[in-house]
Amino acid sequence: MDNSQTALVTKLPQNKLKDGYLKFYLNQQTAAILAMNHTQEAVIIPVESITAMPNMPACVFGLMNWRSRIIWAVDLPKMLNLESLENRLHQYSVIVIKVESMLLGLVVHEIKGIIKFMPEDIRSPIGQVASSLVPYLRGCVTQQEETLLVLDAQAIVNSSVIVGN
């Protein structure tokens, strides 16, 4: 970065910096986002790429290979007590997240892309969503008349549904 770029960056007021989020759909009606700082990659994989494991919670599809690492793949809508993904799918949309050293594959309905908004646009989810969703949320954001659930990656990774009680 040369000096002219440095000067431009330092002149921007802090409140004009928007945070990046990955937008996706948990099911056909429910849009959600995850902070980009926890998102490692968004991939589409064949259903056969996930190996089912016995004695796992219903929301855990199984194990998948991601960049020569074996990680758990979770049906995120089912974990959040929403409509589960269809069993007749030929491929899955997977968001690989990382919280500290933990990698996790979140299987979702559809990945839409990256959006940005101001952190102060995040509102409390209480009263706007089912109470069962609140522990997994940082809040809600309304964009273009659509309410987006702002998911908390740390709460998902540390969920008792995944790690047990």
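## Briefing: sheets, salt bridges and ring pairs

By the distance rule applied here, a nitrogen of a Lys or Arg side chain within 4 Å of a carboxyl oxygen of Asp or Glu, the count of salt bridges comes to three. The model is a predicted one, and the points below take up its salt bridges, its two open sheets, its aromatic pairs, its cysteines and two residues with a positive phi. Residues are described as buried when their relative accessible area is under 20%, as exposed when it is over 50%, and as partly exposed in between.

**Salt bridges**

- Lys-23 and Glu-146 meet through their side chains in a salt bridge, with a distance of 2.9 Å from N to O. Since Lys-23 belongs to strand 1 and Glu-146 to strand 11 (residues 146–151), the pair ties together parts that are 123 residues apart in sequence.
- The two partners fall into separate classes of accessibility, because Lys-23 has a relative accessible area of 16% and is buried, whereas Glu-146 has 22% and is partly exposed.
- A salt bridge also joins the side chains of Arg-67 and Glu-41, again with 2.9 Å from N to O. This pair links distant parts of the chain, 26 residues apart, with Arg-67 in the loop between strand 5 and strand 6 (69–75) and Glu-41 in strand 3.
- Arg-67 is exposed, at a relative accessible area of 59%, while Glu-41 counts as partly exposed at 21%.
- In the salt bridge between Glu-110 and Lys-112, the closest N and O atoms are 3.6 Å apart. Glu-110, with a relative accessible area of 33%, is partly exposed, and Lys-112 counts as partly exposed at 48%.

**The sheet of six strands**

- Six strands make up an open sheet in the order 3-7-8-6-5-4, and the pairing within this sheet is mixed. Strand 3 (39–46) and strand 4 (50–51) are its edge strands, each of which pairs on one side only.
- Strand 4 runs antiparallel to strand 5 (residues 60–66), and two bridges join them. Within this part of the sheet, Thr-51 has Leu-63 of strand 5 as its bridge partner.

**The sheet of five strands**

- An open sheet with mixed pairing is also formed by five strands, which follow the order 9-1-2-11-10. Here the edge strands are strand 9 (110–117) and strand 10 (137–143), and each of them pairs on one side only. From one strand to the next, the twist averages 30°.
- Strand 1 (residues 19–25) pairs with strand 2 (residues 31–35) in the antiparallel sense, and five bridges hold the pairing. Phe-24 stands opposite Ala-32, a residue of strand 2.

**Aromatic pairs**

- There are two aromatic pairs in the structure. In one of them, the rings of Tyr-21 and Phe-117 have centres 4.5 Å apart and planes at 10°, so this pair is stacked, because planes under 30 degrees apart count as stacked.
- Tyr-21 lies in strand 1 and Phe-117 in strand 9, so that the pair links distant parts of the chain, 96 residues apart. Both Tyr-21 and Phe-117 are buried.
- The rings of Phe-61 and Tyr-92 are likewise stacked, with their centres 4.9 Å apart and their planes at 20°. Phe-61 lies in strand 5 and Tyr-92 in strand 7 (residues 91–99), so this pair ties together parts that are 31 residues apart in sequence. Tyr-92 is buried, with a relative accessible area of 8%.

**Cysteines**

- When the whole structure is searched for disulfides, zero are found. A disulfide is a covalent bond between the sulfur atoms of two cysteines.
- Cys-59 has a relative accessible area of 4% and is buried, and Cys-140, at 2%, counts as buried too.

**Residues with positive phi**

- Ser-68, which is a residue other than glycine, has a positive phi near 65°. Ser-68 is found in the loop between strand 5 and strand 6, and at 72% relative accessibility it counts as exposed.
- Glu-100 has a positive phi of about 55°, although it is not a glycine. Glu-100 is found in the loop between strand 7 and strand 8 (102–108), where it is exposed with a relative accessible area of 67%.

Notes
Residues numbered from 1 in each chain as written. Predicted model: local features only at pLDDT ≥ 70, side-chain atom pairs only at ≥ 80, totals over all residues. Heavy atoms only, no water. Pairing = 2+ DSSP bridges. Helix = DSSP H or I, 4+ residues; strand = E, 2+ residues; numbered from the N terminus. Axes fitted to C-alpha atoms, helices over the stretch in contact; angles between N-to-C directions. Buried < 20%, exposed > 50% of the residue type's maximum accessible area, 1.4 Å probe, protein only. Disulfide = S-S within 2.5 Å. Phe/Tyr/Trp six-rings, centres within 6.5 Å; stacked < 30°, edge-to-face > 60°.
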